[in-house]
Amino acid sequence: MTLSLAGRTASPAPQPVPVRIGGFGGADGLAEYLSDECIDVLVDATHPYAATISANAAKAVAESGARLLALRRPPWEKVSGDLWNEVDTLAEAVQVLGDEARRVFLALGRKDLVPFLHAPQHDYLIRSVDPVDPPLALPRAKYITGRGPFTEEHDGALMAAHHIEVVIAKNSGGDATYGKIVAARALGIEVIMLRRPVLPDVTSVGSVEDAVRWLDHLPAPKTKRGV
């Protein structure tokens, strides 16, 4: 078993299996890797918003003959008390913020921040796993780093301390970052929620446990790949 990381996080968490870091060179490069390494099964456990990687995975298995399973966490569902404004793009999120200055909590990846340069009037609190370096050309931006899970209590206190008026987030699903959504609900804070992109229609499961069960029930390959 090999775990492949994109390399976007400077200090990834330790893992109990061999790890490779970096891209493959698109779908063709990934297909070549799967064939060269005689990989029987590819588990696409990327972030729900990594649409390009998921598309490449679907193309690569078609070329290489490997099996594909997508691990996709169910998205969060809006419940009573949530003040969600759902958008399809971050550019749309910027428009929804409006022209009047607001206190905004950006709980996004570092590569998702550029669209907000077009709205410098707001006060931004920006949280990321790694530092945003160089800082954005925004006159009123504060930066914090942290790796989830984040509790409702933690994120509620953070929002209250910074007088946050709106949260901008991706619908990542799972428990690790749901604290900000629960906290926003409790505080009556608007959430501008980025909808998930359309992903390839492949066999998928919603949890690691289901993925393990799926793997356990796979029949043994009739012939050894690469022979």
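Two strands count as paired if DSSP finds at least two bridges between them. Strands here are DSSP runs of E, at least two residues, and helices are runs of H or I, at least four residues, numbered from the N terminus.

This is a predicted model, where local features need pLDDT of at least 70, side-chain atom pairs count only at pLDDT 80 or more, and totals for chains, interfaces and linings use all residues. Residues are numbered from 1 along each chain as its sequence is written, and side-chain values use heavy atoms, with hydrogens and water left out.

I'll start with the sheet. Strand S4, residues 67–71, runs parallel to S3, and four bridges join the two. One residue to look at is Leu 42, whose bridge partner in S4 is Leu 68. The sheet is open, with three strands in the order S3-S4-S11 and parallel pairing. At its edges are S3 (41–44) and S11 (204–205), each pairing on one side only.

Now the helix. H2, residues 51–64, lies across S3 and S4, at about 160° to S4. That angle is between N-to-C directions, on a scale from 0 to 180 degrees, with axes fitted to C-alpha atoms, for helices over the stretch in contact; contact means heavy atoms within 4.5 Å.

Which residues of H2 are buried, that is, under 20% relative accessible area with a 1.4 Å probe, protein chains only? They are Ser 54, Ala 57, Ala 60, Val 61 and Ser 64. They sit on the same side of H2 because they cover an arc of only 125° around the axis, taken from the directions from the axis to the C-beta atoms. Their cover includes helix H1 (26–36), S3 and S4. On the other side of H2, Thr 52, Lys 59 and Ala 62 are exposed, meaning over 50%.

After H2 comes Gly 65, with a positive phi near 90°.
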